[in-house]
Structure formats: C-alpha cells, structure tokens
Amino acid sequence: MITRKIYRSLLFLLMGIIFAGCTNRSEKSVSNPITYSNPLSVAFGDPFILSAADGKYYMYGTGGTAKGFVAYSSDNLVDWHPEGEVYSGNQPDSWTVKNYWAPEVYETNGKYYMFFSADWKENPTGELENFRIGVAVADKPTGPFLEISDKPLLDPGYPIIDANILQHDGKTYLYYSRCCYKHPVESEVAQWAREQNLYKEIEESWVYGVEISDDFTAVIGEPVLLLQPPTTMDDPQTEWESRSVTAGEVNRRWTEGSFAFPYEGKIYMMYSANFFGGEHYAVGYAVSDDPLGPFVKAANNPVLEKNTGKGGEVTGTGHNMIFWSKNDQKMYAVYHGRTRQTGDERVVFIDEVQIDDQGLLTVDGPTTTEKEL
C-alpha cells in the first residue's frame, strides 16, 4: 500500500525527472543552433525562395534543365532536396522557345504562380534578344507549372526580363527590366568611354513598373520608368554602377534583377548593376513612398559586392531577393555569386539583412565562413 508520504516522494521525483528533461532539451537547442556556410549546395543563377504555407522553403532559379526550371525544397534553409523539373517550356502550345531565366513563384489563394523570362517564338525580324515575361500556374510548389496563356503577359516592343511582383494596398504591381539590347543611351559615361577609345556607344537596361490585374492576366495602364544608371560622372552611384564599362569589360550598363518589398511604410527596391557574367556584378537599393515611385537610390550603395579586395574569394554577387524566416524574426537575402572553386558556375548564397531605425539597409555578406541562421 502506497502511503501519502511515499506518494509525495514519487511525485516530486517524477517532476524532477520531467524538469531535468525539459532543461536538457532547452540547453541542447541553445547549444546546437542550425549553422551553415556559403555557398549552398545549389548551382543556380537568379535564385528565388518561397516560404510556402506547407511549412517548407522552395528554391527556384536559372539552370538545372535546358528548357524550363527545376526546384529544391528545404525544412531549414541548409539542407536542400532536389524536386526535379517543375516547369517545361518544351510544349507545342508554349509561347517560349529558349533561354529560360529568373523564375519567381508566388502563393495566392491556394495556387502557385510562376513568373519567368524566355525568348518569344514570335520573332519576325530575327532579333538576337527577344525576351518576354510569362506566367504559369500549379496546384503545388513542385508543379507541374502550366502556362496560363499562349502568349507573354505583355509586349512593350522591346526585350524584357526579370519579373518581380508586389501586392500592396489591394493592388498588384509587376516590375521588369528592359534589356540593354539595341538600347544605346547618351550620358557622360558614354562620352567618357568614347574619349578613352573603349566603346562608341553604351547600351543600358532600365527597370520599369506597371500595375497588373490581381489574377496576373492583364496589364493596367502604362509602364513607368523607375530606375536607370546615372547619367553624370559626379553622381555618387556612377562609380559602382559603371564598373563593367570603366574596366573595359563590356559596353553595357545594367539596372536589373529588381526585387521590391514593403517595410515600415516604405517600398524598398533592390537591384543589380554591371555585367551579370563578370566579377563586378553588385547589388544596391532604392526607396520610395509609392510602388510606382519615384525611387531614390541609397547613399550606402552597393550593399552587396565582391569581397576579393578584402581578402575574400567571392565575385559576381547579384540578382537577389528578400525573404523572412518562418518565425518572422530574421530577414535574409538570397543571391548568386562565384568563388575560386566554382569558377564561372553561379552558386547560391544566403546572408542576413538588417534595416536600422533610420531605414538604412545592409547585407551581412558575401560570407563563406560558418555562421548561425
């Protein structure tokens, strides 16, 4: 027979065991945080991460298949599982033909919408760059994604890439980059290049924004020019945005790979400048009160660039996007870059992003040392 005294002793013993177990588990979680080091084990250009409603992260990007896109999934942002091809443009009714770039996937009303760039098969004048933007939809983040139309979302009359979507205050906005192709622009930088006998002309890409319907099928109004390379030599942004020209690398200046997101009543737009295939590819940002501008470039640009001048090994950092951790405690940038080991192959990096009380955005990268998520 168990007496009251013995019962109390057993109860205290059991509570002690439970408390000790909880303490051990807590100490274990604190002492064993998730760590990682860049680059990740994914060879993508233009990476995009979707934090999906099923609790997983999904990564999409340029590469992995010839005529479409593949995806990876992860529970922790460190270990990535290949999900195979999720979209194929190799279909008889597709408007696309080649060069599948920069997919971004958005979850809306239980569906998954992929925005992407590709060469349009309608090309009567034989343009070398005939990129347009399309939309595909799926029931799952792993696809299959099927095009919602047999033609691009819009045709502004020039090649466009790098679609990005912002849903803000009940409206939906599309951002894209006009390609440099056949777009020479006069500026003091172009004049300098001629005087240096580098190039006769400098072509530029510009970022535009336009409202679109909430079902992603139609454009509302006319596109608005939002960002372009600086025109004067004394502009504080000119030096870093013109490095591919001043280094004699190529006769083009880019403003591309835009990604817009709201923060504390402002719209932040990150963008990439310089040759995407070279070492000078870098990221800056601009801020606006309105999704369609005007946007003002930040004084602390670039916020992400090669680190070889500081003893590092990373170059070609660019085409980033921003996402939050599942607990909404941390903001991250995912982007591609290159290292000495990876050579010309683009690989994926993730680094933390901070925005201070003054609205100043910084990226803790590029890093290659081990750190906590």
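A salt bridge here is a side-chain nitrogen of Lys or Arg within 4 Å of a carboxyl oxygen of Asp or Glu. Arg194 and Glu186 fit that description, with their side chains meeting N to O at 2.8 Å. Please keep in mind that this is a predicted model. Counted this way, the structure holds 16 salt bridges. Below is a friendly tour of some of them, followed by a look at strand β13.

**Salt bridges**

- Side chains of opposite charge can pair when their charged atoms come close.
- In the pair of Arg194 and Glu186, Arg194 is partly exposed, at a relative accessible area of 27%, while Glu186 is exposed, at 55%.
- Lys111 pairs with Asp139, and their closest N and O atoms are 2.4 Å apart. Lys111 belongs to strand β7 (residues 111–120) and Asp139 to the loop between β8 (131–138) and β9 (146–147), so this salt bridge ties together parts that are 28 residues apart in sequence.
- Lys111 is partly exposed, with a relative accessible area of 33%, whereas Asp139 is exposed, with 54%.
- Arg346 forms a salt bridge with Asp46, where the closest N and O atoms lie 3.9 Å apart. Because Arg346 sits in the loop between β21 (331–338) and β22 (347–355) and Asp46 in strand β2 (residues 45–51), the pair ties together parts that are 300 residues apart in sequence.
- Arg346 is partly exposed, at 21% relative accessible area, and Asp46 counts as buried, at 9%.
- Glu129, Glu203 and Arg252 are joined in a network of salt bridges.

**Burial of strand β13**

- Strand β13 (residues 206–212) is mostly covered, with 7 of its 7 residues buried.
- In a regular strand the side chains alternate between the two faces of the sheet.
- Both faces of β13 are covered. One side carries Trp206, Tyr208, Val210 and Ile212, the other carries Val207, Gly209 and Glu211, and all of these are buried.

**Neighbours of strand β13**

- Strand β11 (residues 171–178) runs antiparallel to β13 and is joined to it by 7 bridges. Here Leu174 stands opposite Val210 of β13.
- Strand β14 (residues 219–227) also pairs with β13 in an antiparallel arrangement, through 5 bridges. Glu211 stands opposite Ile220 in β14.
- β13 and β14 make a hairpin with 6 residues between them. In the turn you will find Phe216, which has a positive phi of about 65 degrees.

Methods:
Residues are numbered from 1 along each chain as its sequence is written. This is a predicted model: local features need pLDDT of at least 70, side-chain atom pairs count only at pLDDT 80 or more; totals for chains, interfaces and linings use all residues. Side-chain values use heavy atoms; hydrogens and water are left out. Helices (H or I, at least four residues) and strands (E, at least two) are DSSP runs, numbered from the N terminus. Buried means under 20% relative accessible area, exposed over 50%, partly exposed in between (1.4 Å probe, protein chains only). Two strands pair if DSSP finds at least two bridges between them.
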